Amino acid sequence: MSAQLTAATTLAAGTSTGEAFQFWILGTVAVIGALCTILMKKAVHSALCLAGTMIILAIFYLANGAYFLGIVQIVVYTGAIMMLFLFVVMLVGVTAADSLTETIKGQRWLAALCGLGFGVLLIAGIGQASLTQFNGLGKANAGGNVEGLAALIFSKYVFAFEITGALLITATVGAMVLTHRERTERAKTQRELAEERVREGKHLPPLPAPGVYARHNAVDIAGLLPDGTPSELTVMQTLRERGQIRDVSGEAMNDLKALEQRSSDRLERSDRDRAEEASK
């Protein structure tokens, strides 16, 4: 045991200043990103923090000579899977206002138990790595990083690799089953939807376009009614909730008043000219 501790101390002492600086700086950022992943209230922010943590892990792989794992971590996990999660979250619109009611009884206790077991495995792995003498990256990558990794995956750790693959496939199928929703009722036809709108007194014809009578055609400018007031139906509800609607009703009313004034002045001149011609 003392010989193993001496070897581990020698390996730790052989770490250069740059490697130690890189580990403590990026390791701290990775831990902060991991904590933010589970503490952020918005799912989009959690996904971005997880993506940053994955990129830092890829840097650690590259710094330790595991070039294949580093590139796969960036291209596959961060570049493909994590961005897919991010786009799905942005499209679905998951927010902190979603219901937190448990649909499966006891899932929180089960998740806490699984987290505790994972923590024990992690501590055991770190302890094993601290007390074990390593062969070194030079011997492991003697025939190349990809060849050395393939030899370990398909020989020594082949069963763990197959079990992990089966677990990922099972998780994918489970996610598809959980997100699939059976339609329990017949979809309404266009005629039925139209009759329903008529009965409820909703707006029957197509909605007016934005900017009507406002001398603008931007989507963030509400159209004007004949009396000059803005119409709520001409702009998207999303823009209205964000507060991105521009109100030009006052400007349009001023232009309309100026136009009416010019028209009245022109009509007065025309009436005066006709009266003068009639008097002659």
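The following paragraphs lead through three helices of a predicted model, beginning with two threonines and ending with a group of arginines.

A convenient place to start is helix α3, which spans residues 43-63 and contains Thr53. The relative accessibility of Thr53 is 11%, and because buried means under 20% relative accessible area, this residue counts as buried. When neighbours within four places in sequence are left aside, the residues in contact with Thr53 are Ala30, Gly33 and Ala34.

From there the reader can turn to helix α4, made up of residues 67-92, where Thr78 has its place. Thr78 is likewise buried, its relative accessible area being 7%. If residues up to four places away in sequence are not counted, Thr78 touches Ala51, Met54, Ile55, Gln73 and Met83. A further distance helps to place this residue: Thr78 and Leu48 lie 30 residues apart along the chain, and their C-alpha atoms are separated by 9.9 Å.

The last stop is helix α11, which covers residues 249-279 and in which Arg262 is found. Here the relative accessibility is 48%, and since partly exposed is the class between under 20% and over 50%, Arg262 counts as partly exposed. Arg262 also belongs to a positive surface patch, which it forms together with Arg266, Arg269 and Arg272.

Taken together, the text has passed from Thr53, buried at 11%, and Thr78, buried at 7%, to Arg262, which is partly exposed at 48% and takes part in a positive patch on the surface.

Definitions and conventions:
Residues are numbered from 1 along each chain as its sequence is written. This is a predicted model: local features need pLDDT of at least 70, side-chain atom pairs count only at pLDDT 80 or more; totals for chains, interfaces and linings use all residues. Side-chain values use heavy atoms; hydrogens and water are left out. Patches are made of residues with over 30% relative accessible area and no salt bridge: like charges are joined within 9 Å, nonpolar side chains (Val, Leu, Ile, Met, Phe, Trp, Tyr) within 5 Å. Accessible areas come from the Shrake-Rupley method with a 1.4 Å probe; for residues, only the protein chains shown count as cover. A salt bridge is a side-chain nitrogen of Lys or Arg within 4 Å of a carboxyl oxygen of Asp or Glu. Lys and Arg count as positive and Asp and Glu as negative; His and the chain ends are not counted. The place of a charge is taken as NZ of Lys, CZ of Arg, CG of Asp or CD of Glu. Helices (H or I, at least four residues) and strands (E, at least two) are DSSP runs, numbered from the N terminus. Buried means under 20% relative accessible area, exposed over 50%, partly exposed in between (1.4 Å probe, protein chains only). Contact means heavy atoms within 4.5 Å.
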